[in-house]
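User: I'd like to practise reading a structure feature by feature. Could you take me through this one?

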Amino acid sequence: MGVDVVTFGCRLNTYESEVMKREADAAGLGTLENGAIIFNTCAVTSEAVRQARQAIRKARRDNPAARIIVTGCAAQTEAEAFAEMDEVDLVLGNEEKLKSNSYRMLPDFGVNQFEKVRVNDIMEVRETASHMVDAIEGRARAFVQVQNGCDHRCTFCIIPYGRGNSRSVPMGGVVEQVKRLVGNGYAEVVLTGVDMTSYGPDLPGHLRLGKLVKTVLKSVPDLKRLRLSSIDSIEADDDLMEALATEPRLMPHLHLSLQSGDNMILKRMKRRHARENSIAFCAEVRTIRPDIVFGADIIAGFPTETDEMFENSIRIVEECGLTNLHVFPFSPRKGTPAARMPQIERSIVKQRAARLRAAGDAAYNRHLDGLIGTTQKVLVERDGIGRTEGFTLVGIDGGVAGQIIERTIGGHDGNKLLANGRDRRAA
């Protein structure tokens, strides 16, 4: 049966799932007669937690004798709730999940005093090690963790209680991991973390994300494409801006943690930027990197949000030139200040989320229209699908997963670009 890892949520979880599978195998979990299933959960919304619980129940129905282990952010923040599920054999915290001996904490391995919950205080964790992986299963691009945790306390967010305080992976470890993945054939690497633009102050020399980006590109000349996951624009440093302006291997795509387009809501969220900061940042980056593509996270229906406040979020889609929206209907998370604020009626929250998605769809279609007739360098993800440097989805013929090819764009179907021409390897 072996070990099966089911991953929910962010790119950091995807990366950590590779580490978890390796550590679980090293612990001998794969030798159990009926196998094991590990759920690496997400806690960002109550819906993410609900989906994890649903998947766990289905896994038990389909695999009645397998060992089921639950870990990740939801397990860290709601350990007892998962422990109360009859389907679950073991609950591990976010720190424990990356250690081989944690997976031997089952009666199968002769544990004398079995405890179903092994979740320590994540706030006591002070360092984040570089966990080397050789590949990311089923992925044409690889993810590399550079940071974990968050020092900020946005009123809607439970994640700091699942991940702990911010801590950075030493630069040398990041570079070595990127070298290892490029040596194994990856053309594109994505740097990822919980609050990635907070990278560095806890390390000697008070480093910043921009310095890390420059160092990776200089130290790994064979890396064809370096990409950043979600960033907080208010923390973008001068080196990062310079890299965007001068480094063609740093991909022209940034996903921004905006959350709202209204200043009062941003204040009630305890965000550190105003709408004017976001608009100015996008304008500045577009000046130095004209081909930049912006995505953003925006929450619809945050407590106390009026119609006028919501309209500011609608307007910021165009004012920032956003292309890819991740829209979240506000989801109160127990233990956060926002859960205690006056809530918006759920039907209104859903209506606002639908309007935001419609605004995002319209912006995305304009973006697709603008790429017709251009020639794009496309990373092939799988048969028939690839991504441009700006992370736009492309339908293609031919190509091998992980290969970068050039294609001329002939049209789009509202979801993806449609490429013309035969396979041509990019320089």
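Analyst: Sure, we'll go through strands, helices, helix packing and a few backbone angles. Keep in mind that this is a predicted model.

User: Let's start with strands. How do I read a strand's two faces, and which residues of strand 2 sit on each side?

Analyst: In a regular strand, side chains alternate between the two faces of the sheet. In strand 2, Ala36, Ile38 and Asn40 point to one side, while Ile37, Phe39 and Thr41 are on the other, and all of these are buried. With six of its six residues buried, strand 2 (residues 36–41) is largely enclosed by the rest of the structure.

User: What does strand 2 pair with, and in which sense, parallel or antiparallel?

Analyst: Look at the bridges. Strand 1 (residues 3–7) runs parallel to strand 2, and five bridges join them. To find the register, pick out Asp4, which stands opposite Ile37 in strand 2.

User: Which strands make up the closed barrel?

Analyst: Follow the neighbours round. The order is 14-15-16-18-17, five strands in a closed barrel with mixed pairing. From one strand to the next, the twist averages 55°. Within that barrel, strand 14 (residues 375–382) pairs with strand 17 (residues 404–412) in the antiparallel sense, over five bridges. One spot to check is Leu379, whose bridge partner in strand 17 is Ile404.

User: Which helix lies across strand 14 and strand 17?

Analyst: That's helix 12 (residues 346–371), which lies across strands 14, 16, 17 and 18 and runs at about 110° to strand 17. Its buried residues include Val349, Ala353, Leu356, Gly360, Tyr364 and Leu368. There are also polar ones among the buried set, including Arg352 and His367.

User: How do I test the length of helix 12, and what span should its 26 residues give?

Analyst: Use the rise per residue, then compare with the end-to-end distance. At 1.5 Å a residue, the 26 residues of helix 12 should span 38 Å, and the end C-alpha atoms are 38 Å apart, so the two agree. You can run the check on helix 1 (residues 11–26) too: its 16 residues should span 22 Å, and the ends are 23 Å apart, which agrees. Buried residues of helix 1 include Leu12, Tyr15, Glu16, Val19, Met20 and Glu23.

User: What comes just after helix 1, and what follows helix 12?

Analyst: A glycine in each case. Gly28, just after helix 1, takes a positive phi of about 90°. Gly373 follows helix 12, and its phi is positive as well, near 90°.

User: Which residues other than glycine have a positive phi here?

Analyst: Two to look at are Lys270, with phi near 65°, and Thr304, with phi of about 75°. Lys270 is in the loop between helix 9 (263–269) and helix 10 (275–288). Thr304 is in the loop between strand 12 (293–300) and helix 11 (307–319).

User: Are Lys270 and Thr304 buried or exposed?

Analyst: Compare the relative accessibility with the cut-offs: buried is under 20%, exposed is over 50%, and partly exposed is in between. Lys270 is at 53%, so it counts as exposed. Thr304 is at 24%, so it counts as partly exposed.

User: Now helix packing. At what angle do helix 6 and helix 7 pack?

Analyst: Read the angle and the axis distance together. Helix 6 (residues 171–183) and helix 7 (residues 209–219) pack at about 40°, with axes 10 Å apart. They are therefore oblique to each other. Helix 6 contributes Met171, Val174, Val175, Val178 and Lys179 to the contact, and helix 7 contributes Lys211, Leu212, Thr215, Val216 and Ser219. The crossing is right-handed.

User: Which residues does Thr215 touch?

Analyst: Leaving aside residues up to four places away in sequence, Thr215 touches Met171 and Val175. Thr215 is buried, with a relative accessible area of 18%.

User: One more pair: how do the axes of helix 8 and helix 10 cross?

Analyst: The axes of helix 8 (residues 238–246) and helix 10 come within 8 Å and cross at roughly 40°. That makes helix 8 oblique to helix 10. Met241, Leu244 and Ala245 of helix 8 meet Phe281, Glu284, Val285 and Ile288 of helix 10.

Methods:
Residues are numbered from 1 along each chain as its sequence is written. This is a predicted model: local features need pLDDT of at least 70, side-chain atom pairs count only at pLDDT 80 or more; totals for chains, interfaces and linings use all residues. Side-chain values use heavy atoms; hydrogens and water are left out. Two strands pair if DSSP finds at least two bridges between them. Helices (H or I, at least four residues) and strands (E, at least two) are DSSP runs, numbered from the N terminus. Axes are lines fitted to C-alpha atoms, for helices over the stretch in contact, and angles run from 0 to 180 degrees between N-to-C directions. Contact means heavy atoms within 4.5 Å. The expected span of a helix is 1.5 Å times one less than its number of residues. Buried means under 20% relative accessible area, exposed over 50%, partly exposed in between (1.4 Å probe, protein chains only). Angles under 35 degrees count as roughly parallel, over 145 as roughly antiparallel, 65 to 115 as roughly perpendicular and the rest as oblique. A crossing is left-handed if the near helix is turned anticlockwise from the far one by less than a right angle, and right-handed if clockwise.
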